[in-house]
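Let's take a walk through a protein model, piece by piece. Keep the structure open beside you and look for each part as it comes up.

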Amino acid sequence: MSVIEKIRRKAALSMKRIALPEGSEPRTLAAAAVLRDESLCRPVLLGNPGEIRAAASLAGVDIRDIEITDPASHPRAEAYAETLYELRKKKGMTPESARALAKDPMHCGVLMVKCGDADGLVSGAVHSTGDMLRPALQIIKTKPGTKIVSSCVLIDCPNKSLGEDGLLIFSDCVVVPCPDAAELADIAISTADTATTLCGIEEPKVALLSFSTKGSASHELVTKVREAAEIAHGLRPDLLLDGELQFDAAISPEVGELKAPGSPVAGHANVLIFPDLQSANIGYKIAQRIGGAEAFAVLQGLAKPCNDLSRGCSVGDIVNTVCMTAVQAQA
Ligand SMILES: CC(C)(COP(=O)(O)OP(=O)(O)OC[C@H]1O[C@@H](n2cnc3c(N)ncnc32)[C@H](O)[C@@H]1OP(=O)(O)O)[C@@H](O)C(=O)NCCC(=O)NCCS
C-alpha cells in the first residue's frame, strides 16, 4: 500500500474537523465532497454561505451535509478577536484591527484551530505560501521544544529498494530559505519526528546532505552541515543521524560503505536534510519530474497542524493534504 493510501486510511479513523478557508474555490468544494463521501474527515468550508452555495452550484458539486462557517457572523468572532489582540498587541495590533482580521477567512480559520474549534487547516489553492504561513506562524506558533516551523516532502519512489520501501522524506523544501546550523538541526529533528508520526517509520535514519562526505571537501557550507549534525545529535542522541554526507553516500549501500564506513545511516537513509531551501526545493522537483516519484508536502513544527497547497493543486492534492493534516492532528 502506498504511503498516501496508508495516511488516508489513518485519517478516516478519527474524522478530524479541518477548516478550509478558501470555501468557495471550486477544487476545494470538490475536495470537501470527496472527504465527506469517503468519510475521511469533517471539512468545514469558510466564507460567505451564499457565495459558497452559488460556487458549488456553478461547479456542479453537491455540498449537502458539509458544514459552512461564515467568519463575518461567527458566534465566536469576538473571542477570536480577543485572542488575536492578546497575541499580537505587542506587535502593534489594535482591538479594532483584531476584530476586522478575525472576520477574514484565513485568520478566522487559523483562530478556530488555535482555540480548538477545528483540528487543523488547509489553504493555498488561491493564497500564496507566505499569505497562508504568516497567520499560522503568528497565531499558532511553534510546538514546545521546536524553534522553527519548516516543511518536508514525502517522496514515494518507484524504486522500492530506496529508503523505507521506496519512501524518502526530503526537508526543508518550502519554508526556511537559509537555515543556520542550529536551525538545520531543528529541521532534522522535526523531520525525523514527522517520519514517525505521519508515515509510521519506526526508525528514521537521518542524513544531513552536503557536497562533501565526512571531510572529503572543506568549505564553510560543509562546516555548517557538520555542525548541524553535531547539534542535532546532542539534542536527540536517540536518533540515527549522520552528516555531512553526499546524496549517493546517503542512499546507496555500496557508496555509503565506501565513503562513510561505520556510519549508522549512510547507504540506508530514509530522511534527507538538504542544506538550504534552494537545494531542497530543486531536489524534490528532480525526484518528482525525472525520478517519477510522487511528492506530498506538509508543514511541521507548528503547535497545531496547518498545511499549504500549491496554487496548481488538483482536487486529489487537496484531499491528500487534508488527510495528512488530519493525521498530524491525531499526534
Ligand atoms: C515563512 C515566511 C513566509 C515568513 O515570512 P516573513 O516575511 O519572513 O515573515 P516575518 O519575518 O514577518 O515573520 C512573521 C512572523 O513569523 C515568524 N517566523 C518567520 N519564519 C518562521 C519560521 N520558520 N518558524 C517560526 N516562526 C517564523 C517571525 O518570527 C515573525 O513572528 P512575529 O511577527 O511574532 O515577530 C518566509 O520565510 C518565506 O516566504 N519563506 C519561503 C516561502 C516560499 O516562498 N516558499 C516557496 C516554496 S513553495
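In what sense do strand 1 and strand 2 pair, and over how many bridges? Find strand 1 at residues 17-20 and strand 2 at residues 42-46: the two pair in the parallel sense, over four bridges. One of the matched pairs is Ile 18 with its bridge partner Pro 43, which sits in strand 2. Before going on, keep in mind that this is a predicted model.

**The five-stranded sheet**

Those two strands belong to an open sheet of five strands, with parallel pairing and the order 3-2-1-4-11. At the edges you'll find strand 3 (67-69) and strand 11 (306-308), each of which pairs on one side only. Ignoring direction, neighbouring strands here are turned by 25° against each other on average.

What packs on this sheet? Helix 2 (residues 26-37) does, touching strand 1 and strand 2. The direction of helix 2 makes about 155° with that of strand 2. Helix 13 (residues 315-330) packs on the sheet too, and it touches strand 1, strand 2, strand 4 (120-123) and strand 11. Compared with the direction of strand 4, that of helix 13 makes an angle of about 160°.

**Helix 2 meets helix 3**

Helix 2 also packs with helix 3 (residues 49-59), at an angle of about 85° and with the axes 10 Å apart. That angle makes helix 2 roughly perpendicular to helix 3, because angles from 65 to 115 degrees count that way. Which residues make the contact? Helix 2 brings Pro 26, Leu 29 and Ala 30, while helix 3 brings Ala 55, Ala 56 and Ala 59. By class, the residues of this contact are six nonpolar, no polar and no charged.

Just past helix 2, have a look at Ser 39, in the loop that leads from helix 2 to strand 2. Phi of Ser 39 is near 50°, a positive value in a residue other than glycine.

**The six-stranded sheet**

Now move over to the other sheet. This open sheet has six strands in the order 8-7-9-6-5-10, and the pairing is mixed. Strand 8 (240-245) and strand 10 (294-300) are the edge strands, each pairing on one side only. From one strand to the next, the twist averages 20°.

Strand 7 (residues 205-209) and strand 8 pair in the parallel sense, over five bridges. If you pick out Leu 208, you'll find its bridge partner, Gly 243, in strand 8. Helix 12 (residues 277-289) packs on this sheet and touches strand 5 (150-156), strand 6 (167-171) and strand 10. The direction of helix 12 makes about 155° with that of strand 6.

This part of the chain has a couple of cis peptide bonds to look up:

| Cis peptide bond | Omega |
|---|---|
| Ser 171 to Asp 172 | near -15° |
| Gly 243 to Glu 244 | near 10° |

Where are these bonds? Asp 172 is in the loop between strand 6 and helix 8 (181-197), whereas Glu 244 is found in strand 8. Gly 243 is the residue you've already met as the bridge partner of Leu 208.

**Two domains**

Time to step back a little. The domain assignment splits the protein chain into domain 1 (3-141 + 302-330) and domain 2 (150-295). Their C-alpha centres lie 31 Å apart. How many residues does each domain put into the contact? Domain 1 gives nine residues and domain 2 gives eight.

On the side of domain 1 that touches domain 2, the elements giving two or more residues are helix 1 (3-12), helix 7 and helix 13. So helix 13 turns up again here, having already been seen packing on the five-stranded sheet. This side of domain 1 has five nonpolar, two polar and two charged residues.

**Around the ligand**

Last stop: the ligand. Why does the ligand lie between domain 1 and domain 2? Both domains give residues to the shell around the ligand, so it lies between them.

Of the 15 residues around the ligand, those that come nearest are Gly 130, Leu 133, Leu 137, Ile 148 and Val 149. Helix 7 (residues 129-140) gives the most to this shell, with six residues. Sorted by class, the shell has eight nonpolar, five polar and two charged residues.

Methods: Residues are numbered from 1 along each chain as its sequence is written. This is a predicted model: local features need pLDDT of at least 70, side-chain atom pairs count only at pLDDT 80 or more; totals for chains, interfaces and linings use all residues. Two strands pair if DSSP finds at least two bridges between them. Axes are lines fitted to C-alpha atoms, for helices over the stretch in contact, and angles run from 0 to 180 degrees between N-to-C directions. Two residues are in contact if their C-beta atoms, placed from the backbone, lie within 7 Å. A residue is near a molecule or strand if its C-beta atom, placed from the backbone, lies within 6 Å of it. Ala, Val, Leu, Ile, Met, Phe, Trp, Tyr, Cys and Pro count as nonpolar, Asp, Glu, Lys and Arg as charged, and the others, Gly among them, as polar. Domain bounds come from an automatic or database domain assignment. Angles under 35 degrees count as roughly parallel, over 145 as roughly antiparallel, 65 to 115 as roughly perpendicular and the rest as oblique.
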